[in-house]
Amino acid sequence: MNADNRILPHNTDIERVVLSTIKHRKDMLEKYGDIISEGLFYASREKAIYNAISSIVAEGKNPTSETIMQHAATHDLGYRLLVTDIDSLRVATDLTTFLQHINLLRTMEMRRKVWLIHQSAATAAIDQSEPLDGSVSQSIQDLCDLQRDLADRGPATFREAVRELTGIVNDNHEGKTRSIVTGFRLFDQMFLLRPGTLTIIAAFTSVGKSALAMNIAYNVATRNTPVAYYSLEMGKAELAARVISPIIGIPSGI
């Protein structure tokens, strides 16, 4: 909760699953410590547990309930941990779910940062004792830094590539697929739509590329997956007509 008592985006249940996973499997923190930080956790309790676990792992020890409580007794964690806070961390998760949870927590952390930047700028606008130009410049700089964090960070490391590959292999082993169902059997057999990939449909003019793309978008949307369709040749009314026409059996010419 921030200074004006607003509850910012967070998910305590997912935070505690992540904490439970790194408590029972310290290798997860050792391997993925570059994407896990105190900022992922919202409340003082979860922050304190994370800081205790990360310190214990950094010392080469196992983060058991006993070692965490011993660490809490000799360090100022900003929160008085109880044994029940630690013993309730019992449910560890698999790698794929763990990474999904981390990504979700990172997104919520970014949203909290946006709010705090907004709050800082709003305070500066009201406080007439401070020059406005410096506060505005700082807010803009903070937003630019945040945008760089949200954007693609450039070339990926081999470690990141292997990490993603591991998740895909685990999903394949469990019979899961990361591709989005297009509704066309051939495309789905080839896993046409996969997260993180760009698929280009190329052909001569007037052979149905736009119609195919519209059908794929429609099929994906009917499976409750959000879809954005951009067109440089049709207006929104014509696009809507093309979607509705086959459903109601009326030609789409408008």
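A residue counts as partly exposed when its relative accessible area lies between the cut-offs of under 20% for buried and over 50% for exposed. Ile244 has a relative accessible area of 43%, so this residue is partly exposed. The model described here is predicted.

The protein chain holds eleven helices and zero strands. Read from the N terminus, its elements run α-α-α-α-α-α-α-α-α-α-α. The protein chain has 254 residues, and 28% of them are buried.

Helix α6 covers residues 95-126. At 1.5 Å a residue, its 32 residues should span 46 Å. The C-alpha atoms at its ends are 47 Å apart, which agrees with that expectation. The N-terminal end of α6 is capped by Asp94. A side-chain oxygen of Asp94 lies 3.2 Å from the backbone nitrogen of Thr96.

Aromatic rings were examined next. The count comes to three aromatic pairs. Phe184 and Phe187 form an aromatic pair, with 5.9 Å from centre to centre. The angle between their planes is 55°. Planes under 30 degrees apart count as stacked and those over 60 as edge-to-face, so a pair between these limits is tilted. The pair of Phe184 and Phe187 is accordingly classed as tilted. Phe184 has a relative accessible area of 28%, so this ring belongs to a partly exposed residue. Phe187 is partly exposed as well, because its relative accessible area is 22%.

The surface also carries a nonpolar patch of about 470 Å². Its members are Tyr218, Ile244, Ile247, Ile248 and Ile250. Helix α11, residues 236-248, gives the most to this patch, with three residues. Ile244 lies in helix α11. Ile247 has its place in helix α11 too. A patch residue needs over 30% relative accessible area. Ile244 passes this cut-off at 43%. Ile247 has a relative accessibility of 52% and therefore counts as exposed, whereas Ile244 is partly exposed.

Tyr218 joins the patch from another part of the sequence. Along the chain, Tyr218 and Ile244 are 26 residues apart. Their C-alpha atoms are separated by 10.0 Å. Both residues contribute to the nonpolar patch.

Technical notes
Residues numbered from 1 in each chain as written. Predicted model: local features only at pLDDT ≥ 70, side-chain atom pairs only at ≥ 80, totals over all residues. Heavy atoms only, no water. Helix = DSSP H or I, 4+ residues; strand = E, 2+ residues; numbered from the N terminus. Expected span 1.5 Å × (residues − 1). Polar contact = N/O pair within 3.5 Å; in protein donor to acceptor, adjacent residues only side chain to side chain. Phe/Tyr/Trp six-rings, centres within 6.5 Å; stacked < 30°, edge-to-face > 60°. Buried < 20%, exposed > 50% of the residue type's maximum accessible area, 1.4 Å probe, protein only. Patch = residues over 30% accessible without salt bridge, like charges linked within 9 Å, V, L, I, M, F, W, Y side chains within 5 Å. Areas by Shrake-Rupley, 256 points an atom, 1.4 Å probe, with all protein chains shown as cover. Salt bridge = Lys/Arg side-chain N within 4 Å of Asp/Glu carboxyl O.
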